[in-house]
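Here is a short briefing on one chain, arranged by topic. Keep the structure open while reading.

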Amino acid sequence: MKILLLSSPVVQPDFDRIARLPNLGLVSLAAHVNDLCTVHVADIHGLRDHREYVRRQVQGYDLVGLTAMSFQYQEALALARIVKDSGARTVFGGYHPTLAAEEIGKSDDRQLIDFIVRGEGEATFRELVESQLAGKEPNDVLGLSYHDPRGGGMIHNPARPLLDVADIRMPDRDARLITRGFLTFDVPIDSVETSRGCTQGCKFCSINLMYGRHFRTFPLERVIEDIRDAEEHGAGSIFFPDDNITLHPKRLERLCQAIIDANLTHLRYKTQASASGIASSKRLVDKMGEAGFDGVFLGVESINKRNLEFLGKGQMSNDAEIAVQYLHDNNIIVSTGLIGGNPDDDEEDLWENFRLARRLRVDFPIFYISTPYPKTQMRAELEEMGLVTRNDFTKYDGMHANLRTKHLTDEQVQYITWEMNARYYDLEWIRYNKVKRIYPKWFAGEIRRLLPFYARRKLELAMGKKMPRDFFQEDLESGELCKGVV
């Protein structure tokens with residue numbers, strides 16, 4: 001049997017500008033079946049014509065896996081049509097197929113999907129492959145959905161319990177077909193996980209629906225081994241994609257010390273973290289700086305106490321100020337996620353996030369729009385309030401307005417968010433951001449590339465031009481928000 005695992009070609013343009021990452025989950029899946037069959041991973045999100053690549057590459061494979069979040073799902077179906085034309089079978093995984101498995105099983109989409117691996121995939125995928133090799137029906141594979149052999153819809157086997165992390169194998173990075181083009185600030189990057197899950201209950205998050213409110217940690221020895229493997233495969237920078245790496249601040253401090261003790265401080269480390277976790281310990285952030293961290297995506301969400309309560313965030317309103325100060329004191333680049341468009345937001349509330357980012361001198365603020373992701377608690381509440389305006393999941397990427405507030409239409413929320421993004425990156429930002437000092441060559445090139453884009457946006461603002469509803473797609477198609485391709 002030959003297996004091909006495909007990353008989603010659809011990514012958030014804001015994040016992809018700063019860091020283009022190879023998919024970690026797929027090489028983890030590959031590691032759990034590489035003793036059974038030939039398995040390859042293709043990270044196709046850096047390709048200009050990913051459909052043509054898939055059309056050529058898929059020939060000769062028996063099973064092709066596709067992963068998708070909600071805004072990626074429709075393109076995954078388009079790729080599945082190409083795969084089915086080749087004669088291969090398809091298996092879907094990821095957040096959206098997991099949470100919408102029952103709906104998919106009753107829809108026409110199931111004609112393109114042979115199997116759905118729900119939730120944590122390593123053990124389920126291995127047992128699926130074993131059943132296919134043995135020519136058996138996978139009726140005893142926990143966490144799997146598959147076609148009812150009697151016809152009709154899909155059978156959904158019982159959910160699989162969470163794995164013991166001791167049973168999760170090291171990623172198989174040798175399975176990758178595409179090895180170039182994955183960069184952060186022009187430095188080759190790879191991902192290493194140190195934990196899975198989160199015990200907090202943010203209403204907008206799908207993680208609890210995948211893993212429950214659990215937090216499992218890998219031994220630090222395994223993490224160090226994984227970092228060494230990533231470096232041996234060409235990485236000069238490491239991203240920790242943990243769901244909440246600062247849930248146990250002292251453990252993160254011990255990880256930093258392990259990196260120092262292993263003489264791995266020459267690599268550049270980046271992670272996503274909660275504002276409350278970073279703000280909880282200056283000693284932790286000092287140790288992060290010593291270990292080689294130079295970038296943190298900080299989940300600030302909002303400074304507004306009312307909005308923090310609505311989002312289910314357990315943090316104080318001044319955590320953002322403390323966290324950013326600790327990070328900047330250690331010469332660490334700060335990117336922040338700031339969420340507007342919550343039920344009671346008016347225009348002033350949205351601009352409050354802009355003023356916060358400016359006051360804190362955030363290097364890369366990302367002004368997100370509150371998004372009613374499927375099956376989340378927040379979606380249920382927003383639907384009950386009658387505020388959800390669009391169910392086109394291709395726009396559920398945090399950058400498009402799919403809801404209105406009690407005071408603003410969805411178009412007003414979209415326009416104000418667009419205006420904040422257009423206005424933030426100006427001469428004042430150029431003066432104070434840390435990127436130009438840490439990555440001067442990348443910064444100079446990015447300024448030259450984006451200057452015409454932002455000049456046009458600011459002219460449009462001055463002229464009072466109305467923003468196109470799908471302006472991010474317009475920018476993507478023009479190539480202005482795309483960096484180099486493989």
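L427 is exposed, with a relative accessible area of 64%. The cut-off for exposed is over 50%, so 64% puts L427 in that class. The model is a predicted one. The points below start from L427, then turn to helix 17, helix 9 and D319.

**L427**
- L427 sits in helix 18, which covers residues 427–432.
- Along the chain, L427 and D172 are 255 residues apart.
- In space, 44 Å separates the C-alpha atoms of L427 and D172.

**Helix 17**
- Helix 17 runs over residues 410–424 and has 15 residues.
- Its end C-alpha atoms are 21 Å apart, and this agrees with the 21 Å that helix 17 should span at 1.5 Å a residue.
- Of the 15 residues of helix 17, 11 are buried, so the helix is largely enclosed by the rest of the structure.
- Among the buried residues of helix 17 are D410, Q414, W418, E419 and Y424.
- V413, I416 and M420 of helix 17 are also buried.

**Helix 9: span and burial**
- Helix 9 has 13 residues, 220–232.
- From first C-alpha to last, helix 9 reaches 18 Å, close to the 18 Å expected at 1.5 Å a residue.
- Its buried residues are L220, R222, V223, I224, D226, I227, D229 and A230.
- These buried residues pack against two strands on either side of the sequence, strand 9 (187–191) and strand 12 (237–240), as well as helix 10 (249–261) and strand 13 (268–274).
- G234 follows helix 9 and has a positive phi, near 105°.

**Helix 9 against helix 10**
- The two helices pack at an angle of about 50°, and their axes are 10 Å apart.
- That angle makes helix 9 oblique to helix 10.
- The crossing of helix 9 past helix 10 is right-handed.
- On the helix 9 side, the contact involves L220, V223, I224 and I227.
- On the helix 10 side, it involves R251, R254, L255, A258 and I259.
- By class, this contact has seven nonpolar, no polar and two charged residues.

**D319**
- D319 belongs to helix 14, residues 319–329.
- D319 is buried, with a relative accessible area of 10%.
- The cut-off for buried is under 20%, so the 10% of D319 meets it.
- Which residues does D319 contact, leaving aside neighbours within four places in sequence? They are A275, S276 and A279.

Conventions. Residues are numbered from 1 along each chain as its sequence is written. This is a predicted model: local features need pLDDT of at least 70, side-chain atom pairs count only at pLDDT 80 or more; totals for chains, interfaces and linings use all residues. Side-chain values use heavy atoms; hydrogens and water are left out. Helices (H or I, at least four residues) and strands (E, at least two) are DSSP runs, numbered from the N terminus. Buried means under 20% relative accessible area, exposed over 50%, partly exposed in between (1.4 Å probe, protein chains only). Contact means heavy atoms within 4.5 Å. The expected span of a helix is 1.5 Å times one less than its number of residues. Axes are lines fitted to C-alpha atoms, for helices over the stretch in contact, and angles run from 0 to 180 degrees between N-to-C directions. Angles under 35 degrees count as roughly parallel, over 145 as roughly antiparallel, 65 to 115 as roughly perpendicular and the rest as oblique. A crossing is left-handed if the near helix is turned anticlockwise from the far one by less than a right angle, and right-handed if clockwise. Ala, Val, Leu, Ile, Met, Phe, Trp, Tyr, Cys and Pro count as nonpolar, Asp, Glu, Lys and Arg as charged, and the others, Gly among them, as polar.
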